[in-house]
Amino acid sequence: LMRRIDHLVLEKALAELAADPHVTLAINVSAHTTGDAAWLRRLNALSRKTPGIMRRLIVEITETAAMRNLESAQHFVETVRATGARVALDDFGAGYSSFKHLKALQVDIVKIDGLFTGNLSGNTENLLFFNALLTLANGCGFDTVAECAETAQDAMLLASAGVTFLQGYHFAKPEVTRPRGAPVLPLGSVGPQAH
């Protein structure tokens with residue numbers, strides 16, 4: 001059912017973007033969808049109908065899915081980016097990426113896995129791995145998201161390290177409805193350092 005769910009999420013996300021010019025959305029797709037030509041065709045068709053909204057769409061693929069079939073993932077990323085949408089590599093550090101693989105994918109955003117970003121103040125090993133992953137992502141010129149910024153202290157540490165965006169319960173918890181009159185951050189509560 002994952003492919004059908006991913007198709008439905010795409011339709012609903014683009015409808016939301018079309019309805020509200022202030023919304024930016026990030027949607028996760030399953031490993032199955034990174035090889036789904038029908039999903040890419042639907043994305044292309046929808047992007048031609050409403051080209052102005054694509055810059056506000058971020059499609060997230062997991063590092064593990066991307067590394068499972070690098071050639072297919074490269075095609076997926078190229079096709080999504082050609083519509084004007086951005087692509088994020090989710091759970092970075094939890095899989096098998098090398099510098100070569102990371103450069104080959106040409107994603108826009110790298111989301112550093114929460115395994116390495118949580119409890120930085122009390123875990124020197126996490127800090128070591130986080131700094132290595134951040135250096136790699138920055139060296140490739142990608143925007144970065146640090147997942148699991150759950151406390152003010154961790155958020156400050158992550159921001160001072162130089163990540164582009166922070167995500168975590170410190171900023172917001174997932175909600176079913178959008179707060180009235182408030183700008184919406186991408187799904188998962190991704191927001192700039194200033195938030």
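Biologist: What makes Phe129 count as partly exposed?

Modeller: In this predicted model, Phe129 has a relative accessible area of 44%. Buried means under 20% and exposed over 50%, so a value in between is called partly exposed. Phe129 is therefore partly exposed.

Biologist: Why is Phe116 called buried?

Modeller: The relative accessible area of Phe116 is 11%. Because the cut-off for buried is under 20%, Phe116 is placed in that class.

Biologist: How many aromatic pairs does a search of the whole structure find?

Modeller: The search finds two aromatic pairs. In one of them, Phe116 and Phe129 lie 5.7 Å apart, centre to centre, with 40° between the planes. Phe116 belongs to helix 6 (residues 114-117) and Phe129 to helix 7 (residues 124-139), so this pair links distant parts of the chain, 13 residues apart.

Biologist: Why is the pair of Phe116 and Phe129 called tilted?

Modeller: Ring centres must lie within 6.5 Å to pair, and 5.7 Å satisfies this. Planes under 30 degrees apart count as stacked and over 60 as edge-to-face. The angle here is 40°, so the pair is tilted.

Biologist: How do you know that the charged end of Lys173 sits over the ring of Tyr169?

Modeller: The charged end of Lys173 is 5.3 Å from the centre of the Tyr169 ring. The distance has to be within 6 Å, and the charge must also be within 35 degrees of the ring normal. The distance meets its limit, and the pair is listed as a charge sitting over a ring.

Biologist: What makes the contact of Asp36 and Arg3 a salt bridge?

Modeller: Their side chains meet at 4.0 Å, N to O. The limit for a salt bridge is within 4 Å, so the pair is counted. Asp36 lies in the loop between strand 1 (25-28) and helix 2 (37-49), and Arg3 in helix 1 (residues 2-19), so the salt bridge ties together parts that are 33 residues apart in sequence. Asp36 is buried, at 9% relative accessible area, whereas Arg3, at 42%, is partly exposed.

Biologist: How many salt bridges does the structure hold?

Modeller: The structure holds five salt bridges. Among them is that of Glu60 and Lys111, at 3.1 Å, N to O. Glu60 is in strand 2 (residues 57-62) and Lys111 in strand 4 (residues 109-112), 51 residues apart. Another joins Asp90 and Lys111 at 3.9 Å. Asp90 lies in strand 3 (residues 86-92), so its pair with Lys111 ties together parts that are 21 residues apart in sequence.

Biologist: What joins Glu60, Asp90 and Lys111 into one network?

Modeller: Salt bridges that share partners join them. Lys111 meets Glu60 in one salt bridge and Asp90 in another. The relative accessibility is 3% for Glu60, 4% for Lys111 and 8% for Asp90. Each value is under 20%, so Glu60, Lys111 and Asp90 count as buried.

Biologist: Which residues of helix 4 are buried?

Modeller: The buried residues of helix 4 (residues 70-82) are Ala73, Phe76, Val77, Thr79 and Val80. They cover an arc of only 165° around the axis, which puts them on the same side of helix 4. The face turned away from this buried side carries the exposed residues Glu71, Glu78 and Ala82. The buried residues pack against helix 2, strand 2, helix 3 (63-68), strand 3 and helix 5 (99-105).

Note on methods
Residues are numbered from 1 along each chain as its sequence is written. This is a predicted model: local features need pLDDT of at least 70, side-chain atom pairs count only at pLDDT 80 or more; totals for chains, interfaces and linings use all residues. Side-chain values use heavy atoms; hydrogens and water are left out. Helices (H or I, at least four residues) and strands (E, at least two) are DSSP runs, numbered from the N terminus. Buried means under 20% relative accessible area, exposed over 50%, partly exposed in between (1.4 Å probe, protein chains only). The expected span of a helix is 1.5 Å times one less than its number of residues. The arc is that of the directions from the helix axis to the C-beta atoms. Contact means heavy atoms within 4.5 Å. Rings of Phe, Tyr and Trp (its six-membered ring) pair if their centres lie within 6.5 Å; planes under 30 degrees apart count as stacked, over 60 as edge-to-face and the rest as tilted.
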